[in-house]
Amino acid sequence: MPEHLILLAPSANRVYAADAPRLVGAELQALAAGFGMTGAAVEPVALAGVDYLALHTEDALDDTGRAVVAALSAAHAVFRREGDLLAPVRLPRLGRYPDDLVTVQKYQGKTNEQWTRLLLNVTAAATREPGRLLDGGLRVLDPMCGRGTTLNIALSLGLDATGVDVDRKDYEAYSAFLKTWMRQHRLKHTVDDAQLTIGGAKRGRRLQVEVAPTKDDFKAGDVQHLTYLSTDTTDLQGLVRSGSVDVIVTDTPYGVQHGSHGDRLARRPLDLLDRALPEWTRVLRTGGAMGLSYNRHVAPRDDLTALLAAHGLSVADEHGAGEDPDAFRHRVDASIDRDLVVARK
Ligand SMILES: C[S@@+](CC[C@H](N)C(=O)[O-])C[C@H]1O[C@@H](n2cnc3c(N)ncnc32)[C@H](O)[C@@H]1O
């Protein structure tokens with residue numbers, strides 16, 4: 001049975017502290033299950049005082065297996081174990097754009113990049129066609145996108161993405177950031193930032209971007225489409241087509257004071273979700289999946305899964321192997337007991 005050892009990025013420890021191997025291990029288990037890596041088993045191991053995630057597979061890692069490991073939110077390096085020795089394994093580079101797309105923005109209330117990537121991965125793995133995560137075909141919606149952490153991760157993976165947020169300041173900050181970033185990196189792109197008027201009614205603003213990593217890609221039409229709607233997520237009629245997205249991925253308001261305007265608007269996340277879910281399920285295609293990051297202190301897991309079921313979604317066993325409903329649960333601070341839940345349409 002081949003064994004690979006995955007060295008986690010040091011930043012994962014900064015985000016999750018001692019929980020990093022467990023969380024990234026659960027992520028890998030979910031990806032392995034979604035991508036049909038039969039018999040894959042994951043366990044944290046320590047070797048000469050260094051922590052790794054061990055991945056046992058029935059067969060040697062093929063291209064898909066290597067791409068799955070490369071997609072992990074916190075894989076730093078991977079080795080094949082050969083007796084006492086570790087042989088480095090070259091992983092495919094999945095990012096289409098410079099990494100600073102995801103890291104450069106810093107602001108209060110930003111959802112951690114690794115957690116967002118983990119959420120996207122685990123949600124994509126639960127869809128009927130997880131392969132779209134790796135081939136650029138997955139259409140992503142973050143219906144409460146803030147300043148766009150999910151949008152940037154999706155873009156960087158070569159995916160099309162749509163974001164929605166009611167906080168105009170977030171929209172403006174994101175729009176300014178993305179325009180500057182594309183200019184600084186001399187990326188061929190188009191931008192349309194305009195008032196959103198549907199049937200004569202003013203509905204906020206809309207940013208539409210087309211961008212490609214190179215001029216040749218742009219010319220060949222190999223572009224990413226990004227849309228950001230500055231509007232209320234509970235009403236997307238006329239703005240997002242039914243069945244048009246493969247995954248919905250969002251970090252729901254934590255119901256605590258972050259200094260963010262939006263969080264003050266939504267102190268009761270379950271009420272907000274109850275109002276938003278009819279629209280979110282409408283725009284999600286059948287076979288698609290929804291992944292929500294949430295604070296258990298303000299949204300008990302059972303209440304949230306019951307709400308998702310009441311809206312016709314089936315809550316997935318998001319961690320593949322998983323009887324463990326706490327696989328992704330971790331403490332952020334005294335007021336945030338963070339977890340995720342994945343549901344399929
Ligand atoms: C936890 S934050 C998301 C942060 C984001 N992931 C980021 O990294 O920037 C939750 C977001 O939900 C948004 N929100 C709350 N109620 C909303 C509503 N009714 N419609 C759209 N967005 C809403 C808030 O404005 C806030 O930006």
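**Chat notes on a two-domain model**

Trainee: Let's start with T149. Buried or exposed?
Mentor: T149 is buried, because its relative accessible area is 7% and the cut-off for buried is under 20%. Keep in mind that we're looking at a predicted model.

Trainee: Ok. Which helix does T149 lie in?
Mentor: T149 belongs to helix α7, which runs over residues 149-156.

Trainee: And what does T149 touch, leaving out residues up to four places away in sequence?
Mentor: Five residues are listed: Y107, K110, T111, E113 and T116.

Trainee: Let me zoom out. How is the chain split into domains?
Mentor: The domain assignment gives domain 1 as residues 3-88 and domain 2 as residues 100-344. Their centres, taken over C-alpha atoms, are 26 Å apart.

Trainee: How many residues of each domain are in contact with the other?
Mentor: 23 residues of domain 1 are in contact with 23 residues of domain 2.

Trainee: And how much area do the two domains bury between them?
Mentor: About 1700 Å², with 65% of that on carbon and sulfur atoms. As background, the size of an interface is often given as the accessible area lost when the parts come together.

Trainee: What about polar stuff between the domains? How many residue pairs are in polar contact?
Mentor: Nine residue pairs between domain 1 and domain 2 are in polar contact, counting pairs with both residues at pLDDT 80 or more. Salt bridges across that interface come to zero by the rule.

Trainee: Which helices supply the domain 1 side?
Mentor: α1 (10-16), α2 (20-34) and α3 (63-71) each supply at least two residues of the side that touches domain 2. α2 gives the most, with nine residues. By class, that side of domain 1 has 16 nonpolar, four polar and three charged residues.

Trainee: Stay on α3 for a second. Which of its residues are buried?
Mentor: G65, A67, V68, V69, A70 and A71 are the buried residues of α3.

Trainee: What covers the buried residues of α3?
Mentor: The cover includes strands β1 (3-8), β3 (50-56) and β4 (75-82), along with helices α2, α5 (113-125) and α6 (132-135).

Trainee: And which residue caps the N-terminal end of α3?
Mentor: D62 does that, with a side-chain oxygen 3.2 Å from the backbone nitrogen of T64.

Trainee: New topic: backbone angles. What's the phi of A17?
Mentor: Phi of A17 is near 50°, so a positive value in a residue that isn't glycine. Most residues other than glycine have a negative phi. A17 is in the loop between α1 and α2, and A17 is partly exposed at 47% relative accessible area.

Trainee: What about R186, where is that one?
Mentor: R186 is in the loop between α8 (168-184) and β8 (189-198). Phi of R186 is near 50° too, again a positive value. R186 counts as exposed because its relative accessible area is 77%, and the cut-off for exposed is over 50%.

Trainee: Back to charges. How many salt bridges does the rule count?
Mentor: The count comes to 23. In general, side chains of opposite charge can pair when their charged atoms come close.

Trainee: Give me one with both partners partly exposed.
Mentor: Take R80 and E82, whose side chains meet at 3.0 Å, N to O. R80 is partly exposed at 35% relative accessibility, and E82 is partly exposed at 42%.

Trainee: And R301 with D339, are they buried or exposed?
Mentor: Both are buried. Their side chains form a salt bridge at 2.8 Å, N to O. R301 lies in helix α12 (residues 301-310) and D339 in strand β15 (residues 336-344), so the pair ties together parts that are 38 residues apart in sequence.

Trainee: Which residue pairs with R329 in a salt bridge?
Mentor: D326, at 3.6 Å, N to O. R329 is partly exposed at 29% relative accessibility, and D326 is partly exposed at 32%.

Trainee: Which residues do salt bridges with shared partners join into one network?
Mentor: That network joins R296, R301, D326, R329, D337 and D339.

Definitions and conventions
Residues are numbered from 1 along each chain as its sequence is written. This is a predicted model: local features need pLDDT of at least 70, side-chain atom pairs count only at pLDDT 80 or more; totals for chains, interfaces and linings use all residues. Side-chain values use heavy atoms; hydrogens and water are left out. Domain bounds come from an automatic or database domain assignment. Contact means heavy atoms within 4.5 Å. Buried area is the accessible area (1.4 Å probe) that two parts lose on being put together, summed over both. A salt bridge is a side-chain nitrogen of Lys or Arg within 4 Å of a carboxyl oxygen of Asp or Glu. A polar contact is a pair of N or O atoms within 3.5 Å; within protein, one must be able to donate a hydrogen and the other to accept it, and residues adjacent in sequence count only if both atoms are side-chain atoms. Helices (H or I, at least four residues) and strands (E, at least two) are DSSP runs, numbered from the N terminus. Ala, Val, Leu, Ile, Met, Phe, Trp, Tyr, Cys and Pro count as nonpolar, Asp, Glu, Lys and Arg as charged, and the others, Gly among them, as polar. Buried means under 20% relative accessible area, exposed over 50%, partly exposed in between (1.4 Å probe, protein chains only).
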